[in-house]
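Q: Please take a close look at one part of this model and then set that part in the context of the whole chain. I would like the cut-offs behind each term to be spelled out as you go.

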Amino acid sequence: MAAVGFALLTLTYGCAAVPTDPDEKAAYDERNDPYEPMNRYFFDLNNAMDELVLKPFAGWYYILLPNFAQDGVRNALNNLRTPVILGNDLLQGDLDRAGITLARFFINSTLGIAGLFDVASEFGLIYHDEDFGQTLAVWGTGEGPYLVLPILGPSNPRDATGRGVDMAMDPLTWILPMYDLGYLGYIRAGLDAVDLRARNLKTLDEIKQGAIDYYATIRSLYRQHRNDEIRNGAPPDSVSVLDYITDPQTSEAP
């Protein structure tokens, strides 16, 4: 109870004041960031940790590991995510993508030597990612206010909930501790973070150098990226399968 009270107190004092001017209020609503003071605090904290720890590790990883080895690491990590991706494909009712996910797993786990090589892409089975945050969005759940989570970074209540469900959906979450191998889960998470950061070293530096407000830029890019993932890359004004199911009168089905 004390922890809940502290969290509520933090949110209360972390709230940005709601403007009374109509134009400013419209901009405030568009940002969807009522906890901006608190979010900026955690953003600065995360950025400091990134500069001190993650970015140096990612830099050495990028320099010391040849590109083909980095690709092998990413391919293997993607392959390990198959149960989560497949589960969310099915929960979204996307059987075609579920079939691709399953086929990729069998091909890359065998011909691709435990997923180190993405052989499936050569057969036209291109990798896609799915998570429960996207599934909730497909089901019609709103994103809620923008949040910056300690260590984890940009998020919202929908995506934060999705993270927890994805962990529960991952068989390794339960299997590794049964054999006293829980530490491998932390190694996997750390390697995933380092590899992802290494792949964005130049991009993030360029964004930081060119942004007037780095925090606001990251907030905007995060939302655009998540919306693109939820639409599976479709244009924003296209009619989704979900739209057609709920309202068959909405033009033609895609």
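Leaving aside its neighbours within four places in sequence, which residues is Asn46 in contact with?

A: This is a predicted model, in which local features need pLDDT of at least 70 and side-chain atom pairs count only at pLDDT 80 or more, while totals for chains, interfaces and linings use all residues. Residues are numbered from 1 along each chain as its sequence is written, and side-chain values use heavy atoms, with hydrogens and water left out.

Once neighbours within four places in sequence are set aside, Asn46 is in contact with Val148, Leu149, Pro150, Ile151 and Gly153, where contact means heavy atoms within 4.5 Å. Asn46 itself is found in helix H3; helices (H or I, at least four residues) and strands (E, at least two) are DSSP runs, numbered from the N terminus. With a relative accessible area of 14%, Asn46 is buried, on a scale where buried means under 20% relative accessible area, exposed over 50% and partly exposed in between (1.4 Å probe, protein chains only). One of the contacted residues is also reached by a polar atom pair, since the side chain of Asn46 lies 2.9 Å from the backbone oxygen of Leu149. A polar contact is a pair of N or O atoms within 3.5 Å; within protein, one must be able to donate a hydrogen and the other to accept it, and residues adjacent in sequence count only if both atoms are side-chain atoms.

Helix H3 also takes part in a link through charged side chains. Glu51 in helix H3 and Lys208 in helix H11 (residues 201-210) are 157 residues apart, and their side chains meet in a salt bridge at 2.7 Å, N to O, the term standing for a side-chain nitrogen of Lys or Arg within 4 Å of a carboxyl oxygen of Asp or Glu. Both ends are partly exposed, Lys208 with a relative accessible area of 26% and Glu51 at 33% relative accessibility.

A second link involves the loop between helix H2 (22-31) and helix H3 (36-64): the side chains of Arg219 and Asp33 meet in a salt bridge of 2.8 Å, N to O, with Asp33 in that loop and Arg219 in helix H12 (residues 214-230), 186 residues apart. Here both Arg219 and Asp33 are buried. A search of the whole structure finds 23 salt bridges, and those that share partners join Arg31, Asp33, Glu36, Arg40, Asp213 and Arg219 into one network.

Turning to the aromatic side chains, Phe43, Tyr146, Tyr214, Tyr215 and Tyr222 form one cluster. Rings of Phe, Tyr and Trp (its six-membered ring) pair if their centres lie within 6.5 Å, and planes under 30 degrees apart count as stacked, over 60 as edge-to-face and the rest as tilted. The structure holds 7 aromatic pairs, among them Phe132 and Trp139, which are edge-to-face at 5.6 Å centre to centre with 90° between the planes.

For the chain as a whole, the secondary structure comes to 13 helices and 2 strands, and buried residues make up 31% of the 254 residues. Among contacts with a separation of 6 or more, 61% are between residues 24 or more positions apart.
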